Amino acid sequence: MNIAWSEIFDFDGLVEIVVMLITVMSIFEWKYSRRRTILTAVGCGVTFFLCNTAVIVSNEAFGLLSDTVRFNLYAILIVFFGFLFAVRCLKGYWQQHLVTILFFKDCVLFVSFLYKTTEDYWPELLGDSPFAWLVGKVISVVMILLAALLCKTMSHPIHTPISAGYWCISALTPVLLLLLWEQIDGANPSGNGDLAMNTAVNAMLLAVSFSAYALFVRLAREMEKQMELQLTNQSLAFQIRQVDDAQAQLEQTRTARHEMKNTYFYLESLLEQGKYDEMRQVLERDIWPQFERQELVATGNQLVDMILSQKVADARRRDIPVVLDVQLPRELKVQQQMLCSLLSNLLDNAIEASCQVESPDIFCSMREQKGYLRVEVRNRIDCSVLSQNPTLRTTKRDRENHGIGMRMIRQVVDRSDGVLDIRERDGYFVVQALLPERVETEPVGMQQPA
């Protein structure tokens, strides 16, 4: 068995996997250091090259695979190793990694065949020039680079969750286009068809693939804008509520001041009469509840103080006990908008869920932990929530206006490159979020049962 090296060395395949890995590395942020990421990319590229070479050698030796099967196997290998590298080393949703790589593969295919439809005419132009092979390879590399440029230009990392149905459509589109091309190419296996027709078909498929991916990216950007609008609206609503609460507190202070004056004279009269038991009743019935209503949370962080004070007051109005355990740095590097949305939605969800149980109880913990801001909110439950609703989708009919809280929580954590953990523990529904916090400052503590 004599197989020439030129028959098993797939130059185009090697260039394609290298360009693909470089392209996805330029689109998405890296999870690890430059050295580790590049070494992993080299490992994936070498493994692909070895697997592809093994397939070529086996096919040359035994001739078991048809050209169509061989091409499909090559496409599966290059997509698999590109996807494996992206999921392992790059940030973002694995679904977008897959869609981007499939789009890249389609672009390479259609752009390359735009060149290959005219490949037979190059010998006539170059004659017996020794540079004919080199010119062909250079043009092939240029076609792959052109596909990478198209992919890079259109790509946009997504930080907003997208429905599974849309991911499936986005991933199936390039696959279906590839199968369509195989059907068209299979109808003309000799490649001797009309040059203009072949060129038009490949250009049309490239345009369709490009348009589909452009639509995918545009929708992702619109969803991100929608999320930004939701965050802005939520922050605006919080600020409006702050103003309303401040006005209510001012009015409450004026009323309490007037009542306090009357209560003072009443207590003075009881003191002169020696009615100490009645004095104690007045203190417990009238004075102490006013202090509870006016009690404000003080953690040392102004934003957290406002949110917790507001949510604790809301829970207290519903007779829901809240326990706070907060240990915060003086300044947080977490975006104010993100923290406001995260903490507000966590507590709103806990308060709403606590209204449905017999013995409600909410615990909120915030502290700095190993470079992260850890936020944990847990509320008592009567039965397992995750077993009945593992995806935590709203059970209300108005899905447009309900179930937003958990979606916002997930989006905030994803956009912050944080970690979200949802579980049930000892009769409590527990949500824990870790947000990157790299500011090393002197912490101020507060541990308060509310």
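This is a guided tour of a predicted model, moving from the whole chain to selected helix pairs and then to individual residues.

**The whole chain**

Begin with the full chain in cartoon view, where the secondary structure comes to 14 helices and 6 strands. If you colour the 450 residues by accessibility, the buried ones make up 39% of the chain. Contacts can be examined by sequence separation as well: among those between residues at least 6 apart in sequence, 77% join residues at least 24 apart.

**Helices α2 and α4**

Select residues 11–27, which form helix α2, together with residues 67–89, which form helix α4; the axes of these two helices come within 10 Å and cross at roughly 30°. Because an angle under 35 degrees counts as roughly parallel, α2 and α4 are described as roughly parallel to each other. The crossing of this pair is right-handed. To see the contact, show the side chains of D12, G13, E16, I17, M20, L21, V24 and M25 on α2, and then add Y74, I78, G82 and F85 on α4. Coloured by class, the residues of this contact divide into 8 nonpolar, 2 polar and 2 charged.

**Helices α3 and α4**

Keep α4 selected and add helix α3, residues 34–62, which packs against α4 at an angle of about 165° with the axes 10 Å apart. That angle makes α3 roughly antiparallel to α4, since the cut-off for this description is an angle over 145 degrees. As α3 passes α4, the crossing is right-handed. On the α3 side, select R36, T37, T40, A41, C44, T47, F48, C51, N52, V55, I56 and N59, and on the α4 side select R70, L73, Y74, L77, I78, F81, F85, R88 and C89, which together make the contact. By class, the contact of α3 with α4 has 13 nonpolar, 5 polar and 3 charged residues.

It is worth leaving Y74, I78 and F85 of α4 displayed, as these residues belong to the contact with α2 and also to the contact with α3.

**T68 and a distant part of the chain**

Still in helix α4, centre the view on T68. At 44% relative accessibility, T68 counts as partly exposed. Which residue should be selected alongside T68, 114 residues apart from it along the chain? The partner is E182, and a distance drawn between the two C-alpha atoms should read 7.7 Å.

**Helices α11 and α12**

Next select helix α11, residues 302–317, and helix α12, residues 336–354, which pack at an angle of about 15° with their axes 10 Å apart. The two helices are therefore roughly parallel to each other, and α11 passes α12 in a right-handed crossing. The contact can be displayed by selecting L303, V304, I307, L308, K311, D314 and A315 from α11, and Q336, L339, C340, L343, S344, L347, D348 and I351 from α12. Sorting these residues by class gives 10 nonpolar, 2 polar and 3 charged.

Within α11, move to S309, which counts as buried at 16% relative accessibility. A C-alpha to C-alpha distance from S309 to A298 comes to 8.5 Å, for two residues that are 11 apart in sequence.

**Cysteines**

From the α11–α12 contact, pick out C340 on α12 and compare its setting with that of C383. Is each of these cysteines buried or partly exposed? C340 counts as buried, at 4% relative accessibility, whereas C383 counts as partly exposed, at 43%. If you search the model for pairs of cysteine sulfur atoms within 2.5 Å, the count comes to 0 disulfides.

**Two loop residues with positive phi**

Finish with two backbone positions, of which K370 comes first in this tour, in the loop between β2 (362–369) and β3 (372–380). Phi of K370 is near 55°, a positive value in a residue other than glycine, and K370 is exposed, with a relative accessible area of 80%. Then select D417, found in the loop between α14 (404–415) and β4 (419–425). D417 has a positive phi of about 55° although it is not a glycine, and at a relative accessible area of 35% this residue is partly exposed.

Note on methods
Residues numbered from 1 in each chain as written. Predicted model: local features only at pLDDT ≥ 70, side-chain atom pairs only at ≥ 80, totals over all residues. Heavy atoms only, no water. Axes fitted to C-alpha atoms, helices over the stretch in contact; angles between N-to-C directions. Helix = DSSP H or I, 4+ residues; strand = E, 2+ residues; numbered from the N terminus. Parallel < 35°, antiparallel > 145°, perpendicular 65-115°, else oblique. Left-handed = near helix turned anticlockwise from the far one by under 90°. Contact = heavy atoms within 4.5 Å. Nonpolar A, V, L, I, M, F, W, Y, C, P; charged D, E, K, R; others polar. Buried < 20%, exposed > 50% of the residue type's maximum accessible area, 1.4 Å probe, protein only.
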